[in-house]
Amino acid sequence: MGVGKSYEIRTYGCQMNVHDSERLAGLLEEAGYVRAPEGADGDADVVVFNTCAVRENADNKLYGNLGHLAPKKAARPGMQIAVGGCLAQKDRDTIVRRAPWVDVVFGTHNIGSLPVLLERARVRQEAQVEIAESLETFPSTLPTRRESAYAAWVSISVGCNNTCTFCIVPALRGKEKDRRPGDILAEIEALVAEGVTEITLLGQNVNAYGSDIGDREAFSKLLRACGGVEGLERVRFTSPHPRDFTDDVIAAMAETENVMPQLHMPLQSGSDRVLKAMRRSYRQERYLGIIEKVRAAIPDAAISTDIIVGFPGETEEDFEQTLHVVREARFAQAFTFQYSKRPGTPAAEMDGQIPKEVVQERYERLVALQEEISWEENRKQIGRTLEVMVAEGEGRKDDATRRLSGRAPDNRLVHFTRPDEPVRPGDMVTVEVSYAAPHHLLAEGPALAVRRTRAGDAWERRNAAPAPAGKGVMLGLPTVGVPAPLPAAPDGCRTC
């Protein structure tokens, strides 16, 4: 359909959207499209927006970008614009009404329809809006253009069975659907055979895996099964929910060698009263108990979290409870958000909406406290010897500083002196940490060891081949995960 035509994908939101964009790219390339050069900024035959609906400014951002493209499309006969993702699932016909120059609108359940919808819109010369109400096919069966040769996302489930009052995602992604364990492991083994050495298991509520197939210990069994995949060096997962974080999962993390000492555990609030209003099924004591158990089993684990400030009805006392949990848990990193009212969620209609200036003041206090703790926790890493996986695109100043960057086993970002021998993304470099900042570590001395890996070989093969027109999916707001690159997320889309 698209032989010789160029495409550009703009991705906003969570790690689910980032991985969906890899599939959209795979679908388009299978249909004959080619990647537009990086920085094309709309100068492509097809521009696809993969949208998020979690943040309050999501729709303003989309319509602003669509408005920017309107004159470009008018000046470029045959150009097409498609809008998919959570905002498309939510707004449906509204998008075409507000931006009649859009050619295709598709939802979260039918991303595989994009090439056909583009062709139908071209032939019929009218917008095609197709929103499936339930999942048509599990997305992992679709062709995928992986953005990294050495690290990959692997979806184990889609959808969410929770009913958090602030979150619209379950209404847009649907009820949880789990993949069969054998299918997941087959995908992991295929990726490892291609050279991937790090995978991130992905789900809207990843550790609830098994609820759809009737096995409460399915997730811990899956982690242990990953430990048996030869050649798989690093396993991560995101994002879990405290409700489903059971002792068997902690044991599997501690006892499975290639499961990394890293945990992202959303808190959202430290106040029991607010957690109840959020319809979160745990309380402060339960949350801190999980953290304590993880630290007892995995002393070096780096734990990160998500926190919402200013939820309706939040008092100063409630907020102080959140600060208390932050002090007790001592997170390595926290993704902090000011509450964002989303139409269609129960919280949007709640009494006690907090004035913007109050939310901002609390937010600044929380960020200052977490920055202090992150720096203190990072300073504890000074003098440690770490094996770092060299990453692509992690250190924006690497060329100027003659350094390389990568991720430690616990997912901390490490900048280190470039070794004398050549290394490639995916290779492993052993370094000693000499300095710590709140958001990164620095190893200024010479590398202690370099280990060339199959992942580095895979990166080299990919880059030796004739390069596609562009580098990859434009990642809007990637979150904890680790297929590189991982820029910091100033805004985000998290649900658990």
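In the predicted model, strand 7 is covered on both of its faces. Ala 151, Trp 153 and Ser 155 lie on one side and are buried, as are Ala 152 and Val 154 on the other. Buried here means a relative accessible area under 20%. The strand comprises residues 151–155, and because 5 of these 5 residues are buried, the element is largely enclosed by the rest of the structure. Strand 7 pairs with strand 10, which covers residues 198–202. The two run in the parallel sense, and the pairing extends over 5 bridges. Within this pair, Ala 151 of strand 7 has Glu 198 of strand 10 as its bridge partner. Ala 151 is thus both a buried residue of strand 7 and a bridge partner in the pairing with strand 10.

A buried position is also found in a loop. Thr 108 is located between strand 5 (104–106) and helix 5 (114–124). Its relative accessible area is 7%, so Thr 108 counts as buried. When residues up to four places away in sequence are set aside, Thr 108 touches Gly 85, Cys 86 and Gln 89, together with Leu 172 and Arg 173.

A further sheet is open and contains 7 strands, arranged in the order 19-20-17-16-15-18-21 with mixed pairing. Its edges are formed by strand 19 (435–436) and strand 21 (449–451), each of which pairs on one side only. Strand 21 is joined to strand 18, residues 428–432, by 3 bridges, and these two strands run antiparallel. Met 428 of strand 18 has Arg 451 as its bridge partner in strand 21.

Over the whole protein, the secondary structure amounts to 15 helices and 21 strands. The radius of gyration is 22 Å, close to the 23 Å given by the globule rule for 496 residues, so the protein is as compact as a globular protein of that length. The C-alpha trace spans about 60 × 60 × 45 Å along its principal axes. Of the 496 residues, 59% count as buried. Among contacts between residues at least 6 apart in sequence, 75% join residues at least 24 apart.

The exposed surface of the protein is about 20000 Å², of which carbon and sulfur atoms supply 50%. The charged side chains number 62 positive and 71 negative, and the centres of these two sets lie 2 Å apart.

Technical notes:
Residues are numbered from 1 along each chain as its sequence is written. This is a predicted model: local features need pLDDT of at least 70, side-chain atom pairs count only at pLDDT 80 or more; totals for chains, interfaces and linings use all residues. Side-chain values use heavy atoms; hydrogens and water are left out. Buried means under 20% relative accessible area, exposed over 50%, partly exposed in between (1.4 Å probe, protein chains only). Helices (H or I, at least four residues) and strands (E, at least two) are DSSP runs, numbered from the N terminus. Two strands pair if DSSP finds at least two bridges between them. Contact means heavy atoms within 4.5 Å. The radius of gyration is taken over C-alpha atoms; the globule rule is 2.2 Å times the number of residues to the power 0.38. Accessible areas come from the Shrake-Rupley method with a 1.4 Å probe; for residues, only the protein chains shown count as cover. Lys and Arg count as positive and Asp and Glu as negative; His and the chain ends are not counted. The place of a charge is taken as NZ of Lys, CZ of Arg, CG of Asp or CD of Glu.
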